[in-house]
Amino acid sequence: MLSRIHQFRRTLLIPLTPQILTPPTSLIFTETSVSAANLTIDEEPTTTTTTTFLSSPSDIISGILAGLKGLGSVKSFRRDHQFRNLFLSLSSAQIEGIIDSLRTENAELAIELFYLLRNDYGCKHSRVSQFLIAHILAGKRRPKALRSLLQHVVQEEGCGSAPSLCELLCDGFRDWNSNCTVWDMLAFAYSRIEMVHDALFVIAKMKDLSVQASVVTYNSLLHNLRHTDIMWDVYSEMKTTGIPQSEHTNSILIDGLCSQSLIQEAVSFLRETRRVEPKPSIVSFNTLMSGFCKMGCVDVAKSFFCLMFKSGLLPDAYSYNIIIHGLCVAGSMEEALELMNDMEKHGIDPDVVTYNILAKGFRLLGMMSGAWTIIHQMLHKGLTPDNFTYTILICGHCQTGNIEEGFKLHKEMLSGGLQSSNISYSVLFSSFCKSGRVDEALSLLYEMETVGLKPDVVMYSILIHGLCKQGDVQRAIQLYKEMCSQRIFPNSFARGAILQGLCEKGTISEARMYFDTVVNSDLVEDIVLYNIMIDRYAKLGNIGETVQLYKQIIERGISPSIVTFNSLVYGFCKTRRLAEARRWLDAVDIYGLVPNAVTYTTLMNAFCERGNIQAMFELLREMEARAVEPTHVTFTVLIKGLCKQRKLQESVGLLKDMFAKGLSPDSVSYNTIIQCFCKAQDTKKAFELHSEMLLHNLQPDHVTYNILINGLCVYGDLKDADRLFSSLRDKNIRLTKVAYTTLIKAHCVKGDVEKARRLFCQMVELGFEISIRDYSAVINRLCKRCFINEAKIFLHMMLSQGVSLDQQICSVMLDAFHLVGDLNSMLELLAEMIKCGLDPG
DNA sequence: TTAGGGTTAG
């Protein structure tokens with residue numbers, strides 16, 4: 001304790017004169033002078049509570065004050081460590097004292113010092129210091145700076161801080177000159193960051209003190225309360241206190257009514273105000289038109305144009321843009337373009353916003369060429385594209401799959417000096433991740449930081465999900481931690497992505513451990529996380545855990561969703577307990593949920609697999625009776641059912657029905673039916689369907705090709721299969737191991753062992769993972785046809801690749817050796833078996 | 001008045 005006092009006394013005795021506080025360019029804190037750098041303080045001096053700034057300054061403060069006043073400015077001390085250390089060693093009360101003293105003598109210096117400490121030295125100011133500066137700024141009529149300062153204060157203090165801040169203003173600053181301005185700005189600041197209750201508290205306190213809030217503050221409050229009825233309480237308070245309304249007040253109220261879908265009331269309100277003020281503001285009309293457009297009533301919105309003219313008001317660019325936007329959203333591009341012409345005729349030049357709206361209209365219709373035409377018109381008019389323009393184009397290109405063009409525009413935007421936004425980065429992130437280019441998305445994440453943008457939780461979630469999807473769960477977890485360290489709180493999406501990643505790439509116990517940690521320790525009641533976990537267990541056929549987790553949901557009072565039930569239905573189907581699956585489908589009603597197409601399709605598929613086609617169609621009828629619309633997956637299951645019954649024409653008919661219903665069959669739909677035709681030995685029709693796919697712009701996938709190759713191998717001509725295989729390879733179409741093994745097996749059967757061997761070697765060279773099953777498939781077939789030497793070649797190949805023998809393959813080979821009387825090979829193999837620990841008996 | 005993105009079920 002003594003040493004602390006001693007130290008403290010030393011700080012008080014430091015002579016801090018203008019000679020010491022000189023700009024860092026000269027020699028400051030020279031060796032001979034006592035400097036702040038020499039100071040060592042074990043602990044911060046005790047911080048005294050409020051209003052200490054009114055007490056008389058201590059010696060050290062006097063020294064510092066003298067020094068500061070001599071300097072006149074502290075701007076050049078931004079990077080001065082010694083100056084910084086000196087101030088960081090002061091207590092809040094001491095800083096308050098300094099600011100308060102400077103306030104009267106050199107207010108500018110007080111402001112400068114305040115921001116230097118906060119922005120450059122990272123010092124967290126006390127509430128008193130902040131209010132002192134607030135009063136200085138208010139007195140100097142610097143509303144922008146005052147607003148920014150108080151917004152910073154309330155942001156830091158957080159929700160529910162109004163009572164204590166009000167108390168401080170009441171106790172410490174009661175009769176200060178600029179107190180009214182500070183009070184009003186405090187209320188405004190709370191309102192601006194949507195801490196409405198705090199704002200209302202400040203206003204109530206102001207009323208007690210007979211301090212009137214400004215119309216701007218009231219308007220902001222009305223704006224934030226526009227979704228609620230409290231809006232009207234505030235409005236009537238405004239009227240009773242006699243605060244004159246601004247032209248915005250009415251339009252905010254109209255906006256409020258529109259946002260509550262009380263559009264008729266909004267119209268009536270406008271009529272009312274017209275009686276009082278015959279020429280309402282154009283903003284009110286625009287707000288009302290926007291309200292109608294948002295409800296999809298563009299025609300009604302347009303009719304307000306006449307009313308505006310009648311009221312002696314001329315529509316402005318906003319008015320036109322609102323209607324043009326409404327038309328674009330409705331897809332009426334022609335009319336939107338006409339209105340732009342009208343606009344020009346009325347002497348209002350379309351602005352960047354008009355062109356952006358139109359460009360987006362074309363983008364929404366997938367018509368990027370139309371979007372470009374608009375942009376060219378805009379350039380022709382001498383207007384400069386802004387970041388909205390670029391974002392629309394980037395988004396459009398990314399959505400039509402042209403990431404390269406999108407990325408090019410992104411770079412162009414940056415090099416053109418435009419500030420990019422989280423929005424355009426999000427679009428790029430998402431597109432890169434969707435096309436498996438997560439690394440490029442990640443490098444953009446780091447680029448963002450260099451342009452001063454901070455990724456948000458959604459952007460992190462996109463990347464985490466992308467990493468998980470490509471199996472990089474470890475990197476995903478790393479990124480997740482990075483996000484947390486940036487104090488960005490993970491939400492359902494980010495957690496869901498990690499859990500999904502662990503489920504797919506890790507073990508179920510790893511996933512469960514993560515799940516339990518999140519669900520139990522973070523008190524997260526997230527049905528999505530439960531759904532992911534339940535679905536995993538269902539997929540694995542672990543019905544016990546599936547039901548257990550369902551019970552946990554109910555016990556914890558969490559509402560299950562239809563997804564929960566769909567996974568349960570799946571689990572019971574998977575374990576072939578169809579009657580129970582049906583009961584789970586019925587249980588959906590208890591929670592006020594409605595089974596959807598997925599619920600029905602899951603059960604229908606299970607009946608189809610069981611060969612109970614009748615039950616499948618009964619479910620379809622039930623679906624229709626309950627007005628649950630079947631999807632393309634439902635139809636695919638139906639097609640599968642019909643195929644099982646060999647009703648080929650009917651299944652083709654269903655395919656046609658799908659198109660008629662506006663449902664697009666996917667590759668699975670086609671694959672199902674193509675396979676059916678192959679099995680019926682109608683490869684011609686199978687290939688016709690393949691062409692039909694291409695005609696519908698549907699890319700056949702590797703399964704389609706496996707089916708066709710297999711069809712030709714088994715039911716057609718092997719030469720055709722070879723030709724198809726080669727042509728696909730020449731076209732660089734991705735083929736899987738199945739395509740190779742199908743063809744290899746066919747060549748083994750047909751006796752072209754050399755061809756089979758060549759293909760097998762190619763398959764190995766391509767790096768496919770070859771299992772004992774692949775070798776068995778070949779060796780079994782060769783042995784069956786007594787190609788013993790050839791079988792031996794494959795056996796050696798297998799052993800040299802490090803694939804171990806198994807009982808089945810040995811017994812097939814031994815039988816074959818026995819059949820041809822190859823005793824040596826038999827003994828050799830028996831010895832090998834003993835080495836492998838297999839039973840030679 | 002104009003730009004955007006993410007999770008779970010068949």
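Ala627 is found in the loop between helix 34 and helix 35, helices being DSSP runs of H or I with at least four residues, numbered from the N terminus. The model is a predicted one, in which local features need pLDDT of at least 70 and side-chain atom pairs count only at pLDDT 80 or more, while totals for chains, interfaces and linings use all residues. Residues are numbered from 1 along each chain as its sequence is written, chains are lettered from A and ligands numbered from 1 in the order in which they are written, and side-chain values use heavy atoms, with hydrogens and water left out.

Phi of Ala627 is near 60 degrees, a positive value in a residue other than glycine. Ala627 is exposed, with a relative accessible area of 65%; the classes are buried (under 20% relative accessible area), exposed (over 50%) and partly exposed (in between), calculated with a 1.4 Å probe on protein chains only. A positive phi near 60 degrees is also found in Cys786, likewise a residue other than glycine. Cys786 lies in the loop between helix 43 (772-784) and helix 44, and with a relative accessible area of 40% Cys786 is partly exposed.

Helix 35 comprises residues 632-644, 13 in number. From its first C-alpha to its last, helix 35 reaches 18 Å, close to the 18 Å expected at 1.5 Å a residue, where the expected span is 1.5 Å times one less than the number of residues. At the start of helix 35, a side-chain oxygen of Thr631 comes to within 3.1 Å of the backbone nitrogen of Val633. Such a polar contact is a pair of N or O atoms within 3.5 Å; within protein, one must be able to donate a hydrogen and the other to accept it, and residues adjacent in sequence count only if both atoms are side-chain atoms. The buried residues of helix 35 are Thr634, Phe635, Thr636, Val637, Leu638, Ile639, Gly641, Leu642 and Cys643. These buried residues pack against helix 33 (597-609), helix 34 (613-625), helix 36 (648-660) and helix 37 (667-679), contact meaning heavy atoms within 4.5 Å. Arg646, which follows helix 35, has a positive phi near 60 degrees.

Thr631 is also among the residues closest to DNA strand B, together with Arg363, Asp456, Phe493 and Val528. In total, 48 residues surround DNA strand B, a residue being near a strand if one of its heavy atoms lies within 4 Å of it. Of the atoms of DNA strand B that come within 4 Å of the protein, 42% belong to sugar and phosphate. The surface near the strand has 20 nonpolar, 22 polar and six charged residues; Ala, Val, Leu, Ile, Met, Phe, Trp, Tyr, Cys and Pro count as nonpolar, Asp, Glu, Lys and Arg as charged, and the others, Gly among them, as polar.

Polar contacts to the bases include that of Asn531, where an N or O atom in the side chain is 2.7 Å from a base oxygen of DNA strand B. A base nitrogen of DNA strand B lies 3.0 Å from a polar side-chain atom of Asn596. For Thr602, a polar side-chain atom is 3.2 Å from a sugar or linking oxygen of DNA strand B.

The structure holds 34 salt bridges, each a side-chain nitrogen of Lys or Arg within 4 Å of a carboxyl oxygen of Asp or Glu. One of them joins the side chains of Glu105 and Lys69, with N and O 3.2 Å apart. This pair links distant parts of the chain, with Glu105 in helix 4 (residues 92-105) and Lys69 in helix 2 (residues 59-71), 36 residues apart. Glu105 is exposed, at 56% relative accessible area, whereas Lys69 is partly exposed at 32%.

Another salt bridge is formed by Glu335 and Lys302, whose closest N and O atoms are 2.6 Å apart. Glu335 lies in helix 18 (residues 333-345) and Lys302 in helix 16 (residues 298-310), so the pair ties together parts that are 33 residues apart in sequence. Glu335 is partly exposed, with a relative accessibility of 30%, and Lys302 is partly exposed at 30%. Glu108, Lys140 and Arg142 are linked in a network of salt bridges.

Ser126 lies in the loop between helix 5 (107-120) and helix 6 (127-139) and is buried, with a relative accessible area of 16%. A polar atom of the Ser126 side chain lies 3.1 Å from the backbone nitrogen of Ser129. Neighbours within four places in sequence aside, Ser126 is in contact with Ser92 and Glu96.

Key
Helices (H or I, at least four residues) and strands (E, at least two) are DSSP runs, numbered from the N terminus.
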